[in-house]
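Biologist: I should like to learn how to read the features of a structure that is new to me. Could we begin with the model itself?

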Amino acid sequence: GSASEPSLRFQGDLDTGLFSQGTNTLNLVTGGSSKVVLGADAHTIYAGTNASVRALDIDSSGHVGIGTASPSSYDSNANNLVVANTSGNAGISLISSTTGGSSLYFGDGTGNDTFRGYIDYLHSTDVLRFGTGASTRAVIDSSGNVGIGTSNPANNLDLAIDSNNEGIRLSSSTNVFGKIDFHANRSGADAALGILDFNWNG
């Protein structure tokens with residue numbers, strides 16, 4: 001058989017059916033084009049006119065590639081699903097309702113362990129949340145305010161302190177100095193309103 005004349009086809013639809021293009025291979029054909037190729041180890045799904053687009057590959061390790069036929073060739077820490085476009089942009093969109101949420105969860109078990117870490121976008125309030133240890137640790141609200149330890153930041157950066165010795169730490173492991181600058185919307189020397197700095201060697 002062939003894609004144009006599959007070995008197993010439907011009466012009245014002679015270019016749709018099944019055939020084998022080689023040993024241990026099964027082709028699913030529609031409209032005279034192979035749309036799904038099932039191999040002994042790896043499988044491929046095609047899309048587009050005349051199956052001109054290689055849409056999805058599942059390799060022999062079970063790794064899934066969209067836009068790539070060899071997802072296992074990428075970093076082993078993150079190649080279960082690889083979305084690729086080597087000639088342009090590549091991306092994944094999470095679309096929900098205006099009152100829903102879009103989420104990416106990181107888990108290592110069941111129950112609460114299904115979301116030990118997460119990134120959530122709440123569309124009803126336009127808030128982006130970052131979680132670790134199954135709890136929200138930081139948020140960015142609809143005004144761009146960042147909250148650490150609080151879900152309702154009242155300023156550009158709102159750091160909530162609940163215990164002694166919590167706060168912000170600036171550190172250096174070499175003989176350099178660090179600083180915090182306070183600037184105004186001015187030019188030259190008038191821009192610097194004040195500086196807090198520290199020196200490693202005093």
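Modeller: Let us begin with a sheet. This is a predicted model, and in it six strands form an open sheet in the order 9-10-11-12-13-14, with mixed pairing. The edge strands are strand 9 and strand 14 (157-159), each of which pairs on one side only. From one strand to the next, the twist averages 15 degrees.

Biologist: What holds the strands of a sheet to one another, in general terms?

Modeller: Strands of a sheet pair through backbone hydrogen bonds, and the pairing is either parallel or antiparallel.

Biologist: How many bridges join strand 9 to strand 10, and do the two run parallel or antiparallel?

Modeller: Strand 9 and strand 10 run antiparallel and are joined by six bridges. Within this pairing, Leu104 stands opposite Ile119 in strand 10.

Biologist: Let us turn to aromatic rings. How many aromatic pairs does a search of the whole structure find?

Modeller: Three aromatic pairs are found in the whole structure. In one of them, the ring centres of Tyr105 and Tyr118 are 5.7 Å apart and the planes stand at 45 degrees, so the pair is tilted. This pair links distant parts of the chain, with Tyr105 in strand 9 (residues 101-106) and Tyr118 in strand 10 (residues 117-122), 13 residues apart.

Biologist: Are Tyr105 and Tyr118 buried or exposed?

Modeller: Tyr105 is partly exposed, with a relative accessible area of 44%. Tyr118 has a relative accessible area of 7%, so Tyr118 counts as buried, the cut-off being under 20%. Tyr118 also pairs with Phe115: the centres of these rings are 6.3 Å apart and their planes lie at 55 degrees, so this pair too is tilted. Phe115 is partly exposed, at a relative accessible area of 23%.

Biologist: Which residues do the ring pairs link into a cluster?

Modeller: The cluster consists of Tyr105, Phe115 and Tyr118, linked by ring pairs.

Biologist: I should next like to consider charged side chains. How many salt bridges does a search of the whole structure find?

Modeller: The search finds four salt bridges. One of them joins the side chains of Arg129 and Asp120, at 2.8 Å from N to O. Asp120 is buried, with a relative accessible area of 2%, whereas Arg129 is partly exposed at 26% relative accessibility.

Biologist: Which residue meets Asp113 in a salt bridge?

Modeller: The partner of Asp113 is Arg116, and their side chains meet at 3.6 Å, N to O. Asp113 is partly exposed, with a relative accessible area of 31%. For Arg116 the relative accessible area is 31%, and this residue is partly exposed.

Biologist: Please describe one further salt bridge in the same manner.

Modeller: The side chains of Lys179 and Asp181 form a salt bridge of 3.6 Å, N to O. Lys179 is partly exposed, its relative accessible area being 46%. Asp181 counts as partly exposed at 33% relative accessibility.

Biologist: Loops remain to be discussed. Where is Ser76 found, and is Ser76 buried or exposed?

Modeller: Ser76 lies in the loop between strand 7 (64-66) and strand 8 (81-83). Its relative accessibility is 62%, so Ser76 counts as exposed, for which the cut-off is over 50%.

Biologist: What separation lies between the C-alpha atoms of Ser76 and Arg169?

Modeller: These C-alpha atoms are separated by 34 Å, and Ser76 and Arg169 are 93 residues apart along the chain.

Conventions. Residues are numbered from 1 along each chain as its sequence is written. This is a predicted model: local features need pLDDT of at least 70, side-chain atom pairs count only at pLDDT 80 or more; totals for chains, interfaces and linings use all residues. Side-chain values use heavy atoms; hydrogens and water are left out. Buried means under 20% relative accessible area, exposed over 50%, partly exposed in between (1.4 Å probe, protein chains only). Rings of Phe, Tyr and Trp (its six-membered ring) pair if their centres lie within 6.5 Å; planes under 30 degrees apart count as stacked, over 60 as edge-to-face and the rest as tilted. Helices (H or I, at least four residues) and strands (E, at least two) are DSSP runs, numbered from the N terminus. Two strands pair if DSSP finds at least two bridges between them. Axes are lines fitted to C-alpha atoms, for helices over the stretch in contact, and angles run from 0 to 180 degrees between N-to-C directions.
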